[in-house]
Amino acid sequence: MFLEKYLNEFYFDMVLDNYEESYITLLDEENFIRIYEIFKKYGFNYIDDIILKYLDIFMLDEDEVINGIISLKKELGDDFVNIIGNDLTYLERIFDN
């Protein structure tokens, strides 16, 4: 399972506890990498937590994720990454774009 390349053992085990293996196998590795890189580009330093709590974001189209992040930045201001880090539920708005 390719997620092991992106998560330490603790987070990987938690993902396995939180999600059915059949769901995890639906992830497309190339798309996952694109979304992962988008989060890195915007300075999200807690991507492991995003994977753990919002794995379904990594199934979205990259344009949806970019538009969602831009929308959150407009709404929350320049400190949006820190604000989201304190309340990951903001990420649910990415699904609305």
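Glu29 is partly exposed, with a relative accessible area of 28%. For that term and its neighbours, buried means under 20% relative accessible area, exposed means over 50%, and partly exposed is anything in between (1.4 Å probe, protein chains only). This is a predicted model, so keep its filters in mind: local features need pLDDT of at least 70, side-chain atom pairs count only at pLDDT 80 or more, and totals for chains, interfaces and linings use all residues. Residues are numbered from 1 along each chain as its sequence is written, and side-chain values use heavy atoms, with hydrogens and water left out.

**Salt bridges**

- A salt bridge here is a side-chain nitrogen of Lys or Arg within 4 Å of a carboxyl oxygen of Asp or Glu, and by that rule the count comes to 4 salt bridges.
- Glu29 pairs up with Lys5 in one of them, with the closest N and O atoms 2.7 Å apart. This one links distant parts of the chain: Lys5 sits in the segment before H1, Glu29 sits in helix H3, and 24 residues separate them. (Helices, H or I, are DSSP runs of at least four residues, numbered from the N terminus.)
- While Glu29 is partly exposed, its partner Lys5 is exposed, with a relative accessible area of 59%.
- Glu62 and Arg34 also meet through their side chains in a salt bridge, at 3.1 Å from N to O. Glu62 is in helix H5 and Arg34 is in helix H3, so this pair ties together parts that are 28 residues apart in sequence.
- Both ends of that bridge count as partly exposed: Glu62 comes in at 29% relative accessibility and Arg34 at 33%.
- Glu37 and Lys40 make another salt bridge, with 3.9 Å between the closest N and O atoms. These two are 3 residues apart in helix H3, which puts about one helical turn between Glu37 and Lys40.
- Glu37 is partly exposed, with a relative accessible area of 39%, and Lys40 is partly exposed too, at 44%.

**Aromatic rings**

- Rings of Phe, Tyr and Trp (its six-membered ring) pair if their centres lie within 6.5 Å; planes under 30 degrees apart count as stacked, over 60 as edge-to-face and the rest as tilted.
- Go by this rule and you get 12 aromatic pairs. Take Phe2 and Tyr6: their ring centres are 6.5 Å apart and their planes sit at 85 degrees, so the pair is edge-to-face.
- Phe2 itself is buried, with a relative accessible area of 14%.
- Phe39 and Phe58 make a tilted pair, 5.8 Å centre to centre with 50 degrees between the planes. Phe39 belongs to helix H3 (residues 29–41) and Phe58 to the loop between helix H4 (47–53) and helix H5 (62–76), so their pairing ties together parts that are 19 residues apart in sequence.
- Both of these rings belong to buried residues: Phe39 has a relative accessible area of 0%, and Phe58 shows 1%.
- One aromatic cluster takes in Phe2, Tyr6, Phe32, Tyr36, Phe39, Phe44, Tyr46, Phe58 and Phe80.

**A few residues to look up**

- Where is Phe12 placed? You'll find Phe12 in helix H1, and it is buried, with a relative accessible area of 10%.
- Phe12 and Leu52 are 40 residues apart along the chain, and their C-alpha atoms are separated by 8.3 Å.
- Is Asn45 buried or exposed? Asn45 is exposed, with a relative accessible area of 70%, and it lies in the loop between H3 and H4.
- From Asn45 to Val81 you cover 36 residues in sequence and 8.5 Å in space, C-alpha to C-alpha.
- Asn67 lies in helix H5 and is partly exposed, at a relative accessible area of 43%.
- For Asn67 and Leu88, 21 residues apart along the chain, the C-alpha atoms are separated by 17 Å.
- Glu4 falls in the segment before helix H1 (9–18), and at 47% relative accessibility Glu4 counts as partly exposed.
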